[in-house]
Amino acid sequence: AGELKLAHTLPTGQAFGWRRNGDEYHGVLGDAAVAVREHPSTKCCEWRAAADREAEAKRRLDDYFRVSTSFEELYAGWSASDERFAAVAPAVRGVRILRQDPFECLISFICSSNNNIARITLMLTRLREAFGTKVELPSLDDGESIILHTFPSPDKLCDIDDKVLRDLGFGYRAPYVINTCKTIAEKGPGFLEGLRTKTRQECKEALLECSGVGPKVADCVALFSLDQAACIPVDTHVWRIARRDYDATLEDVASITPTVYERVGDLFRDRFGPTAGWAHAVLFAAELPAFRSALPAAVVEEMDAFRDDEKRAAKEAREARKARVAAKKGGTPPKPASKKPVRKATVAKQAATPPPAPADPEDDADLICRPKKSPAKKPSARKPAAKPSSKPAKPAARKPSVAKQAAKPAKKATAAKRSAKPAAAAKPRAAANAKARRKKSA
């Protein structure tokens, strides 16, 4: 029961072809439509398919979920190798690494560039419905069968116009998908499956020849479909894990070059051995918001503290860039930040020291976005009140509107002259009377 948890495996970014329907997940493996679920009481996984496809469905399910591999034993070994893994493993137990169809996996991760799980799933569903073959999944209540679609072949996709894919929501990825399909079709049947017997570097180099495939996409495809269990796809989550838990000197790295990318992968391979990619996938899942509530409090606090450090460092970098720009223009550079980020202790160190104060969840920009508070204004010195005048105040003259001023420029000039005369000639009455008295006495 603990070997496979569907909710921890199917919707967490490995595969994008499963649809949740009640307590079941519906999908297509090869040309067999299947439904899988966890039994409410035993939590063991059950499956069903059309009667004439049951043998094919069972064979594909066993291969897809790697039922011959004991992940319980792997979890125990990974936990012994790394205390961070041991801390998060209970929260993500049941994550298994899938063995997918290589072509479907390749197209899926080309679509993952600058994307999210929901949108990738929608794009691939539209692709299946437009170019795949209909297959039926019998309903449980003897009603109408559920219609699903197979994933289209490279030959079926390589000759279509990229506008068709753009209309399906693929955007700039459309030509990548079509050109990759042409490459796979030219290589011939079995090309991708043949990469399962190659070395990690040979497999990755072959995938990088495909359009729209970079190092991360190549590693994802190799890990989730081509038996390359030591591949480590490096994205923002993995980069954060590596800097926070394994190598703090990566903070000084300006960019992820190919050398740095390989260095990050080696951090995992040195700890977890030949199945490092599988261990990495479990650690990746633990970073997702869906598992946050199940993680130990110390781990959550450490994650929040590190993200706070990241935000402060990003702010300092922005201020430094503004200062450089201002210096070039001869302006006044902004003041530098008053404090440097202070890294909290790791989980191991926290065990030996008193726990820190709980982090305020509202400080996490990944959870709550809110406008910045404006700084409080200092109270200004109170001016003495003006003495009340004995004369009644004259009502303020209403100024003409902008439209009237534009329409009557001459009248505006005349009014200005009229208003200027009284201003120049106006004198205090007391001063005029004094002058008259001086003349009379003279």
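## Exercises on helix packing, cores and aromatic pairs

Thr180 is buried, its relative accessible area being 0%, where buried means under 20% relative accessible area, exposed over 50% and partly exposed in between, computed with a 1.4 Å probe on protein chains only. The structure is a predicted model, in which local features need pLDDT of at least 70 and side-chain atom pairs count only at pLDDT 80 or more, while totals for chains, interfaces and linings use all residues. Residues are numbered from 1 along each chain as its sequence is written, and side-chain values use heavy atoms, with hydrogens and water left out.

### Exercise 1: the surroundings of Thr180

Task: state in which helix Thr180 lies and which residues Thr180 touches.

Solution. Begin with the place: Thr180 belongs to helix 9 (residues 174–187), where helices (H or I, at least four residues) and strands (E, at least two) are DSSP runs numbered from the N terminus. Next, list the contacts, a contact being heavy atoms within 4.5 Å. Not counting residues up to four places away in sequence, Thr180 touches Leu106, Ile107, Ile110, Cys210 and Ser211. Then follow Ile107 in turn: leaving aside neighbours within four places in sequence, Ile107 is in contact with Leu124, Leu127, Phe151, Val177, Thr180 and Cys181.

### Exercise 2: the nonpolar cores

Task: find how many residues the largest nonpolar core has, and which helix gives the most to this core.

Solution. Start from the definition, by which a nonpolar core is a set of buried Ala, Val, Leu, Ile, Met, Phe, Trp, Tyr and Cys residues joined through side-chain atoms within 4.5 Å. The largest such core has 84 residues, and those with the most contacts inside it are Trp78, Ile107, Leu165, Leu207 and Phe268. Helix 15 gives the most to this core, with nine residues. A second, separate core has 16 residues, among them Ala15, Trp18, Tyr25 and Leu61. For the chain as a whole, 39% of the 442 residues count as buried, and the chain has 20 helices and six strands.

### Exercise 3: helix 15 and its partner helix 14

Task: decide how many residues of helix 15 are buried, and at what angle helix 14 and helix 15 pack.

Solution. Take burial first: eleven of the eleven residues of helix 15 are buried, so this helix is largely enclosed by the rest of the structure. These buried residues pack against helix 3, helix 4 (83–88), helix 12, helix 13 (236–246), helix 14 and helix 16 (297–329).

Now turn to the geometry. Two packed helices are described by the angle between their axes and the distance between the axes. Helix 14 (residues 258–272) and helix 15 (residues 276–286) pack at an angle of about 110°, with their axes 9 Å apart; the axes are lines fitted to C-alpha atoms, for helices over the stretch in contact, and angles run from 0 to 180 degrees between N-to-C directions. That makes helix 14 roughly perpendicular to helix 15, since angles under 35 degrees count as roughly parallel, over 145 as roughly antiparallel, 65 to 115 as roughly perpendicular and the rest as oblique.

Finally, name the residues that meet: Phe268, Arg269 and Phe272 from helix 14, and Ala276, Ala279, His280 and Leu283 from helix 15. By class, this contact has five nonpolar, one polar and one charged residues, with Ala, Val, Leu, Ile, Met, Phe, Trp, Tyr, Cys and Pro counted as nonpolar, Asp, Glu, Lys and Arg as charged, and the others, Gly among them, as polar.

### Exercise 4: two aromatic pairs

Task: work out whether the pair of Phe109 and Phe224 is stacked or edge-to-face, and do likewise for Tyr172 and Tyr176.

Solution. Rings of Phe, Tyr and Trp (its six-membered ring) pair if their centres lie within 6.5 Å, and planes under 30 degrees apart count as stacked, over 60 as edge-to-face and the rest as tilted. The whole structure holds twelve aromatic pairs. Phe109 and Phe224 are stacked, at 5.8 Å centre to centre with 25° between the planes. This pair links distant parts of the chain, with Phe109 in helix 5 (residues 102–110) and Phe224 in helix 12 (residues 215–225), 115 residues apart. Phe109 is buried at a relative accessible area of 4%, and Phe224 is buried at 6%.

Tyr172 and Tyr176, in turn, form an edge-to-face pair, at 6.2 Å centre to centre with 80° between the planes. Tyr172 counts as partly exposed at 37% relative accessibility, and Tyr176 counts as partly exposed at 33%.
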